[in-house]
Every structure is written in C-alpha cells, then in structure tokens.
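Me: I'm new to this structure and would like a close look at a single part of it. Could you pick out one helix pairing and walk me through what surrounds it?

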Amino acid sequence: MKPYTYLLINLLTISICFIFSFDKRIQFNKHFPAFLKASILVAIPFIAWDVWFTAHQVWWFNTDYTTGLMLLGLPVEEWLFFICIPFSCVFTYFCLDKFFNLTWLSGFNNIIVFVSVIVCTVIALLHYDKSYTFVTAIVTAATLIYLHFVVRAAWIGQASFVFAILMLGFFPVNGVLTGTGLESPIVNYNPKSFLNIRILTIPIEDAVYGYTQFLLNIYLFKMFQKQI
C-alpha cells in the first residue's frame, strides 16, 4: 500500500470525475481532446519548473510513497499529477459553468486581477531570495496580466469562484502530499525557498501555484473547445 500512496491519490482524484464525464447530461467525454491538448501544453512549463526545482532541492519526493519509477528526476506519479488534478478541476469548472449562470462573477474581474497582481508583485519584491515564493508570485502575476489585459478573458471571476470551491478538494489531496495523516510528507520543501506559511501542512505557495495552473488550463481548454 505505502509505495502506491501517491499513485492512489492521483487515481482517486480523477476516478469519479472521469466516470461522470460520460453522463448524458454532462458529456464531458466529448471534450477530452480539448482537455488533453490544454493539459499537456500547460504541463510542459510546469514540469520543467518541477524538474529544475527538484534538481536544486527546492523540493524533493519521499520515494517510500511512490512506485520507484522515475523520469527526469521526477516520480512517474508526479507526471500523472499534471493530468489527473487538472482533469478534475476542468471537469468541475465545466459542470458548474454548464448548469449554473456564473456570468455575474465577471463583474469581479478587475478587482481580482488588480489585487492579486499587486499582492504577488509586492511579495516577489520582498522575498526575491526565496525561489519558490518568487517564481510562483511572478508567474501568477504574469498569467493574470496576460489573461486580463491581452486576451481579455471574461471568465476570470468565474474561474476564481470555482477554484475557491475546489479548495475543498485541494486541502485533503495536497494535505496528504505534504504530510497530513502520514508518517512523513510525500513532498518535502526546503525551508529557505518558501515563506514557511502553511495551511495545516500545505505551503501557501502551493495554493497560488494551483490557481495559476488552473487558470492556464481553463484558458487553453476554452481555446481548443472553439476548434471542435
């Protein structure tokens, strides 16, 4: 059981969403190609980030909880993470957007973007010596600026609201990865590389990292949907 812990986290995260994708009322299965294109494109820079940070001991993995299969210094479960977690997140966004009118949340786009960019910029300037904090803050600010000012995404408010709901799943999943309920964490962090502010066992940077990854997946998913 122990060597399969990370693998099971991935499978449990995606399984229910995958099954309901074929529900006639949802039919998310028709959008699998759009999702796969989006998730793979987003995964490329995030995996490169992951590989670099792992190689430089910003974070590292406890292989007691993985199958031992490695690729570019990362457990194979970490690679699966970039498909399984985005799948559940995009599926949730798709369902909520399909069955509920969330357009009113677009009215919060400006305040979400301006507050987030200012906060991220200030944190990056104050903590430029902490690599995880700095890179996460800069990438998040750049993503929001691009989505809001360049592509004029009208759905940032909707996506932010859905991500707040997704936090209910984020806490148990990321909590286990960072040590909740385990003898030791699956993912360990260099205390010199982040703020050491944790939500239970979860570094606050993980939540911001997840938000950025989610926004980029939604952006590309919507773009590839239009091509169907």
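Reply: Here is a walk through the pairing of α3 and α7, followed by the core and a couple of loops. Keep in mind that this is a predicted model.

Let's start with the two helices themselves. Helix α3 covers residues 76-99, and helix α7 covers residues 204-225. Their axes come within 10 Å and cross at roughly 65°. Angles from 65 to 115 degrees count as roughly perpendicular, so α3 is described as roughly perpendicular to α7. As for handedness, the crossing of α3 and α7 is right-handed.

So who meets whom? On the α3 side you'll find Phe-81, Phe-82, Pro-86, Cys-89, Val-90, Tyr-93, Phe-94 and Asp-97. Facing them from α7 are Tyr-209, Gln-213, Phe-214, Asn-217, Ile-218, Phe-221, Lys-222 and Gln-225. Sort the residues of this contact by type and you get eleven nonpolar, three polar and two charged.

Two of those α7 residues, Phe-214 and Phe-221, turn up again in the largest nonpolar core, which has 70 residues. They are listed there among the residues with the most contacts inside the core, along with Phe-28, Trp-59, Tyr-132, Trp-155 and Ile-156. Helix α3 supplies the largest share of this core, twelve residues. As a general rule, nonpolar side chains in soluble globular proteins tend to be buried together.

Ile-156 is a handy one to zoom in on. Setting aside neighbours within four places in sequence, Ile-156 is in contact with Asn-109, Ile-112, Val-113, Leu-144, Leu-147, His-148 and Tyr-211.

Back on α7, have a look at Val-208. With 28% relative accessibility, Val-208 counts as partly exposed, because that value falls between the 20% limit for buried and the 50% limit for exposed. Ignoring residues up to four places away in sequence, Val-208 touches Thr-136 and Thr-140. The C-alpha atoms of Val-208 and Val-139 are 9.7 Å apart, although 69 residues separate the two along the chain.

Finally, a detour to two loops. Gln-27 sits in the loop between α1 (5-20) and α2 (32-55), and Leu-72 in the loop between β2 (70-71) and β3 (74-75). Gln-27 has a positive phi of about 55° without being a glycine, and Leu-72 also has a positive phi of about 55° without being one. As for accessibility, Gln-27 is partly exposed at 31%, whereas Leu-72 counts as exposed at 60%.

Definitions and conventions:
Residues numbered from 1 in each chain as written. Predicted model: local features only at pLDDT ≥ 70, side-chain atom pairs only at ≥ 80, totals over all residues. Heavy atoms only, no water. Helix = DSSP H or I, 4+ residues; strand = E, 2+ residues; numbered from the N terminus. Buried < 20%, exposed > 50% of the residue type's maximum accessible area, 1.4 Å probe, protein only. Contact = heavy atoms within 4.5 Å. Core = buried A, V, L, I, M, F, W, Y, C linked by side-chain atoms within 4.5 Å. Axes fitted to C-alpha atoms, helices over the stretch in contact; angles between N-to-C directions. Parallel < 35°, antiparallel > 145°, perpendicular 65-115°, else oblique. Left-handed = near helix turned anticlockwise from the far one by under 90°. Nonpolar A, V, L, I, M, F, W, Y, C, P; charged D, E, K, R; others polar.
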